[in-house]
Every structure is written in C-alpha cells, then in structure tokens.
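Biologist: Could you pick one part of this protein and walk me through it slowly? I'm new to this, so please set the scene before you zoom in.

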Amino acid sequence: MSVSPPRTSPITEKTDPDGPPRVRLLVLEGPDRGRSALVEGGTVVVGTLPDCQLVLTDDTVSRQHVSLELLGPRVRVRDLKSRNGTRYLGARVEVVEVPLGAIVSLGKTRLALLPADAALERLSEQTELAGLLGRSLAMRRLFAEVERVAPVDISVLIQGETGTGKEGIARALHALSGKTGALRAFDCGAVPASLLPGVLFGHARGAFTGAVADTPGAIEAAHEGTLFLDEVAELPLEVQPTFLRVLETGRFCRLGETRERHVRFRLVAATHRDLTAAMKKGTFRPDLYHRLASLVLHAPPLRERLDDIPLLAEHFARSFGASLPLSPASLATLTAYHWPGNVRELRNAVERTLTLGANAALPELAPPDGAKEDFHAARERVLLVFERSYLEAQLARHRGSASAAARDAGLARSYFYRLLKTHGLLPGRGGS
Ligand SMILES: Nc1ncnc2c1ncn2[C@@H]1O[C@H](COP(=O)(O)OP(=O)(O)OP(=O)(O)O)[C@@H](O)[C@H]1O
C-alpha cells in the first residue's frame with residue numbers, strides 16, 4: 001500500500017488480471033482532499049487511527065470508520081459503527097456493495113473507490129462551476145476540461161443527450177473565458193429555416209417583407225463574447241457555407257447589405273445528434289464539422305453519474321422553496337430510474353412532486369401535509385397530467401417518432417418538441 005497526495009499528476013497503475021484486486025482510494029472532499037492510497041486484496045480500514053490503511057485527519061471521521069472489502073470489480077463497504085455514519089448515494093448505510101468508481105461519504109470526507117489503473121490526471125476540485133453542479137467523477141472530469149479549455153480561443157462542440165446541461169456547460173465556458181462581450185444563445189431548431197439567416201446574420205431595413213429596421217443578428221450580439229449555437233445539427237445546409245466563412249474570416253454581411261462587417265466571437269456549439277452520421281447523410285458539411293469540432297466535450301447522461309442525483313434533487317427542491325433532506329426511500333427511487341430526459345427530467349420530477357403532492361410519480365418527495373390547491377393550481381395539475389399521458393401515448397403509438405406523432409396530433413413539429421422537452425420526453429439520440 002502507498003499513501004501519496006497527488007492532485008493533478010497522472011496516476012496509472014496497470015492491474016494484473018490474475019493478481020489480487022487493486023483499488024485506489026482518493027479523497028475528493030474534506031480536510032484530507034487529494035490524499036490517496038493504493039490498496040491490494042482483502043479488507044482495509046479507513047479512519048483516523050494511525051494503523052488504518054488510509055489515515056484521515058478529518059474530525060468528523062471516527063477512529064475506525066469504515067472497512068472496505070475488495071471483491072474484484074466491487075467493494076463491500078461496512079460502516080464500523082462510526083459516530084457520523086457512512087453514506088452512499090446520499091443515504092446512510094451499514095453494509096453496501098458498490099461498484100468501482102463509486103463515491104462514499106464518511107463524515108465530511110468524500111472518498112472515491114477507483115480502479116487502480118484509472119487515470120486521475122484532470123479531476124476538478126469544484127463541485128459547482130458557474131451554476132453547474134456535480135460531484136461525480138464524470139462531472140469533475142468535465143469541470144477540469146472546462147476550466148482548462150475556457151480561456152483558450154478555440155471552438156468547442158458539446159455533445160450529449162437532451163437535458164444533460166449542454167447550455168450550462170457553454171455558460172461555464174463563457175464565464176471562465178475572461179471575454180468582455182456577452183454570451184448569446186441561439187437555438188437553430190427554434191427558428192424556421194427561411195428566417196434563420198436573418199436572425200443569425202442580421203438584416204437591413206427593407207431586405208424582406210416585414211424588415212422595418214436595420215437589425216443586427218445573433219453573431220453581432222456575440223461580438224467579443226461567445227456565440228452558443230444550440231441544436232447545431234439543425235443548421236440548414238444552405239446556410240452552412242456562409243456560417244463557415246464567418247468562422248474562418250470573421251467577415252459577413254447582413255441580409256440586404258453589401259458592406260462587410262467584422263466580428264470576433266468564440267463559438268460553442270451543441271447537439272444531441274450524431275454529427276458524423278449527419279455528414280454521411282449529407283445534411284452536415286464536413287468542413288464545418290471539422291471547424292466546430294476542434295475540441296469536443298461530452299456531457300455525461302445522468303444515469304452514468306448517480307452520485308450527482310442527491311445533490312441535484314436537493315438543489316432543485318430548495319429552488320422550489322422546499323427544504324428537505326431526501327428520505328432513503330426517495331433516494332432509492334431516484335437512483336433506480338434511468339432518466340432519459342436527464343437533469344431536466346429530474347428537475348421536472350422534483351417540481352411536479354412538490355406541486356402535485358401525493359399524485360406525483362415520486363410521492364416520497366411530497367410535502368407531508370398535502371398542499372392546498374386553488375382553481376388555477378388544480379387546472380394546471382390536470383393539464384400537466386393530461387399533456388404528459390397524451391404525449392406518451394402518441395409517442396408509443398408512433399414507436400418514438402416525434403415527427404409522426406406531431407403530424408397525427410395536428411400540432412406543429414416545433415411545438416410538439418417543446419411539449420416533449422417540457423415533460424422530459426424528448427427522444428434520445430437518433431430520435432426523429
Ligand atoms: N449540472 C447541473 N447542475 C444544475 N442544473 C443543471 C445541471 N445540468 C442541467 N441542469 C439544469 O437542467 C436543465 C436542462 O439543462 P440544459 O438546458 O443546459 O440542457 P441541454 O443539454 O442544453 O438540453 P437540450 O439538449 O434539450 O437543449 C436546466 O434547467 C439546467 O439548469
């Protein structure tokens with residue numbers, strides 16, 4: 001066993017598949033942050049006594065706080081009747097088997113149990129970055145990337161399922177960039193293709209019917225700042241060459257003008273679609289793709305970072321005016337679900353449950369006495385319940401095809417998508 005205080009240096013220890021299981025213990029939060037120990041086989045004890053295999057100085061940790069039995073790809077965590085308890089996914093535990101990669105809390109200390117050969121270079125020490133919350137390893141890795149890339153003036157492409165926080169990541173990149181201009185967000189899927197060039201590049205008075213005044217576009221509003229281009233896969237093919245030219249030269253003309261203007265901004269684009277598939281289909285230009293994807297960040301789905309659920313759920317509950325330590329039953333419900341709509345769906349679930357009380361999907365989160373409900377609140381509740389079950393039934397009938405479901409429902413595709421988004425029902429990657 002070795003004890004060392006690494007934080008940012010790479011640690012790469014190859015695991016012998018026939019040898020005893022090897023696990024790296026790494027303190028992520030608490031007074032001993034950065035302390036790490038490589039342990040091999042058998043059972044090890046963590047506590048403040050000097051003969052523990054990982055010795056901590058945290059005074060909320062007991063002398064012999066927890067034992068860890070290494071079982072290959074899993075670890076049996078046993079609380080040794082500690083004063084402040086041992087928690088996993090936010091709930092107090094006596095004995096629990098956890099996979100490698102899990103994080104357990106001992107008093108104020110948060111300890112990651114990692115595969116010995118995990119590369120640990122680039123874990124951020126933050127659990128909040130410009131409004132984005134995360135204490136899982138996946139988010140700390142992402143935070144470290146954001147911190148590293150933010151001040152560098154290159155385009156960034158953020159890929160990830162819907163609701164994973166791509167816009168939040170773009171905001172964090174901007175907040176840490178040191179740029180003097182603003183962040184301007186533009187959703188390529190929200191504007192009809194025919195209006196999109198005008199909204200993006202701006203237009204001169206009289207450029208088209210209804211153009212009553214000279215109007216700057218989104219790229220000008222992002223001058224000296226960041227342009228966040230959401231749903232970039234929806235950028236119409238015919239607009240892509242002009243946009244690429246702006247990225248390469250910083251020059252463009254408003255619609256209806258011949259005078260060239262100059263802009264300087266950092267582009268952050270996001271998509272939940274597979275752009276390489278879009279290139280193969282011919283709907284996305286490879287030259288633009290390569291320009292956008294100088295650097296790709298992946299927003300991990302919530303189901304791959306269950307450690308974030310207690311933090312996020314309590315944060316959302318607080319933001320809706322409730323202060324609740326989540327019950328173990330609520331946490332078990334929340335962490336057992338696969339969250340196809342990711343963090344947005346979690347936020348909606350918390351809100352729905354706090355608003356609708358016992359009728360909601362996660363009753364353990366409901367206010368204990370049941371909420372008073374006036375006419376407007378009751379109508380809203382019935383509408384929400386109706387909307388959600390209608391959308392689910394339509395999607396099921398059309399095997400997940402949102403376009404077909406929207407047509408059948410007699411709704412505009414964009415409006416149908418908005419409803420799906422509100423209810424956290426947007427089909428994942430590859431959905432239409
Ligand atoms: N890590 C996080 N911490 C706090 N809030 C988050 C986090 N991730 C997402 N959210 C919240 O979840 C909601 C959805 O996030 P966001 O709009 O950034 O996702 P997205 O990936 O851009 O979604 P879409 O692809 O549908 O546009 C927002 O309300 C955002 O504030």
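**A close look at one helix**

Modeller: Sure! Counting up the secondary structure of the protein chain gives 13 helices and 23 strands. Keep in mind that this is a predicted model. The chain has 432 residues, and 37% of them are buried. Take the contacts between residues at least 6 apart in sequence: 63% of those join residues at least 24 apart.

Now zoom in on helix α1, which covers residues 137-149. It has 13 residues, and from its first C-alpha to its last it reaches 18 Å, close to the 18 Å expected at 1.5 Å a residue. Which of its residues are buried? They are L137, M139, R140, L142, F143 and V146. And what covers those buried residues of α1? The cover includes three strands, β12 (109-115), β13 (128-129) and β23 (295-298), along with another helix, α2 (166-175).

While you have the model open, have a look at a sheet as well. Five strands make up an open sheet in the order β5-β4-β6-β7-β10, and their pairing is mixed. At its edges sit β5 (54-55) and β10 (95-99), each pairing on one side only. You can follow the β5 edge inward: β5 pairs with β4 (residues 43-47) in the parallel sense, over two bridges. To see a bridge for yourself, find G47, whose bridge partner in β5 is V55.

Terms used
Residues numbered from 1 in each chain as written. Predicted model: local features only at pLDDT ≥ 70, side-chain atom pairs only at ≥ 80, totals over all residues. Helix = DSSP H or I, 4+ residues; strand = E, 2+ residues; numbered from the N terminus. Expected span 1.5 Å × (residues − 1). Buried ≥ 20, exposed ≤ 12 C-beta atoms within 10 Å, placed from the backbone. Contact = placed C-beta atoms within 7 Å. Pairing = 2+ DSSP bridges.
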